[in-house]
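Me: I am new to this structure and would like to learn how to read its features one at a time. Could we begin with a single residue and work outwards from there?

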Amino acid sequence: MPRSYVQEARKRVGPKKLRIRPIIERLAVEHADATIALTFSSPLELLVSVMLSAQTTDVNVNRVTKTLFRKYHAPEDYLAVPQEELERDIFATGFYRQKAKSLRGMMKMLIEEFDGEVPRTLEELVRIPGVARKTANVVSAELGHAQGIVVDTHVRRLSQRLGFTKEEDPVKIERDLMKLVPREDWARFPHLLIWHGRRVCDARRPRCEDCVINDLCPSSRV
Ligand code: SF4
C-alpha cells in the first residue's frame with residue numbers, strides 16, 4: 001500500500017488511543033461468545049491443553065484430551081507410566097515425543113516446586129519446562145491473573161491492520177498492546193481479535209464490508 005494512502009487512512013480513523021475502547025466494545029458485542037476454544041476442567045488440564053495445542057488445532061487437542069483426562073488426573077499420573085505410553089496417548093497432537101518429554105518435565109517441576117499445583121504468575125509459569133511466554137500468558141489469563149497479552153497469528157495480523165503496532169516480533173507487539181489496551185481487558189482482548197480474525201478479518205480476504213469496526217480501521221477496504 002502506498003505510504004501516502006496509509007497516512008491518509010490513519011488520519012481518517014484518528015489516534016489509536018481514542019479507537020481502542022470503541023473497538024473493544026463493538027467486538028465484545030459482535031463476538032459475545034469469544035472464549036478459549038480448549039476444553040478443560042482444572043488448571044492442570046488447562047496447562048496440558050495449551051501445551052499440546054502447539055502446532056495443531058484446538059479441535060484436535062480437545063479430541064485427544066477427552067480420553068487423556070480420563071486417564072491422567074494428577075501430575076503423578078503422567079510420571080507413573082512409561083514415556084512411550086504417554087507418547088501414544090498424545091500421538092494425534094503431533095510432535096508427540098517432544099510434547100511427552102515436556103509434559104513429564106512439567107509434572108516433575110509442579111510436584112517438586114509447586115506442591116503439585118499450577119502456579120499463577122508469569123514468572124513462575126515460564127520456569128516450567130515446555131512453557132513459553134505465550135502459553136504462560138494464556139494460562140494466567142484463563143486463571144484470572146492476566147499479566148500480559150496473548151499474541152498469536154490472529155492477534156498479530158489484526159493489531160497490524162488496526163494500526164496498533166508496526167512490529168513483527170510477538171514480544172514487541174505484546175509490549176505495544178500492553179501500553180494501549182486497558183488492563184482490565186488484557187484477558188478478553190486476544191479472544192476478541194482471534195474470533196474476529198477467524199470470522200471476519202481473514203488473512204487473505206478480509207470481509208471489510210461486513211466488519212463492525214470498519215470505520216475505525218485504517219486498513220478497511222470499504
Ligand atoms: S475493516 Fe477490514 S481489515 Fe479492518 S478489521 Fe475489519 S475486516 Fe479487518
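Reply: Let us start with Gln55, keeping in mind that this is a predicted model. Gln55 counts as exposed because it has 10 C-beta neighbours inside 10 Å, and a residue is called exposed if that count is 12 or fewer.

Me: Where is the place of Gln55 along the chain, and what is its phi?

Reply: Gln55 sits in the loop between helix H3 (43-52) and helix H4 (58-71). Its phi is positive, about 65 degrees, although Gln55 is not a glycine. Asp115 can be read in the same manner: it has a positive phi of about 55 degrees and is not a glycine, and its place is in the loop between helix H7 (96-114) and helix H8 (122-125). Asp115 is exposed, because 9 other C-beta atoms lie within 10 Å of its own.

Me: How many residues apart in sequence are Pro182 and Ile20, and how far apart are they in space?

Reply: Pro182 and Ile20 are separated by 162 residues in sequence, whereas their C-alpha atoms are 8.6 Å apart in space. Pro182 lies in the loop between helix H11 (170-180) and helix H12 (188-199), and with 10 C-beta neighbours inside 10 Å it counts as exposed.

Me: Which domains does the assignment give for the protein chain?

Reply: The domain assignment gives domain 1 (3-30 + 148-216) and domain 2 (43-142), and their centres, taken over C-alpha atoms, are separated by 30 Å. Seven residues from domain 1 and five residues from domain 2 take part in the contact. On the side of domain 1 that touches domain 2, the residues divide into five nonpolar, one polar and one charged.

Me: How should I read the largest nonpolar core, and which of its residues touch the most other members?

Reply: In soluble globular proteins, nonpolar side chains tend to be buried together. Here the largest nonpolar core has 51 residues, of which Leu47, Met51, Leu103, Met106 and Val139 touch the most other members. Its largest share, six residues, comes from H3. This core lies between domain 1 (3-30 + 148-216) and domain 2 (43-142), because both give residues to it. Leaving aside residues up to four places away in sequence, Met106 touches Met51, Ile128, Pro129, Gly130 and Val131.

Me: Finally, what surrounds the ligand?

Reply: The ligand is surrounded by 13 residues, and the closest are Cys201, Cys208, Cys211, Cys217 and Ser220. The residues of this shell divide into eight nonpolar, three polar and two charged.

Notes: Residues are numbered from 1 along each chain as its sequence is written. This is a predicted model: local features need pLDDT of at least 70, side-chain atom pairs count only at pLDDT 80 or more; totals for chains, interfaces and linings use all residues. Domain bounds come from an automatic or database domain assignment. Two residues are in contact if their C-beta atoms, placed from the backbone, lie within 7 Å. Ala, Val, Leu, Ile, Met, Phe, Trp, Tyr, Cys and Pro count as nonpolar, Asp, Glu, Lys and Arg as charged, and the others, Gly among them, as polar. Helices (H or I, at least four residues) and strands (E, at least two) are DSSP runs, numbered from the N terminus. A residue is buried if 20 or more other C-beta atoms lie within 10 Å of its own, exposed if 12 or fewer, and partly exposed in between; C-beta atoms are placed from the backbone. A residue is near a molecule or strand if its C-beta atom, placed from the backbone, lies within 6 Å of it. A nonpolar core is a set of buried Ala, Val, Leu, Ile, Met, Phe, Trp, Tyr and Cys residues joined through C-beta atoms within 7 Å.
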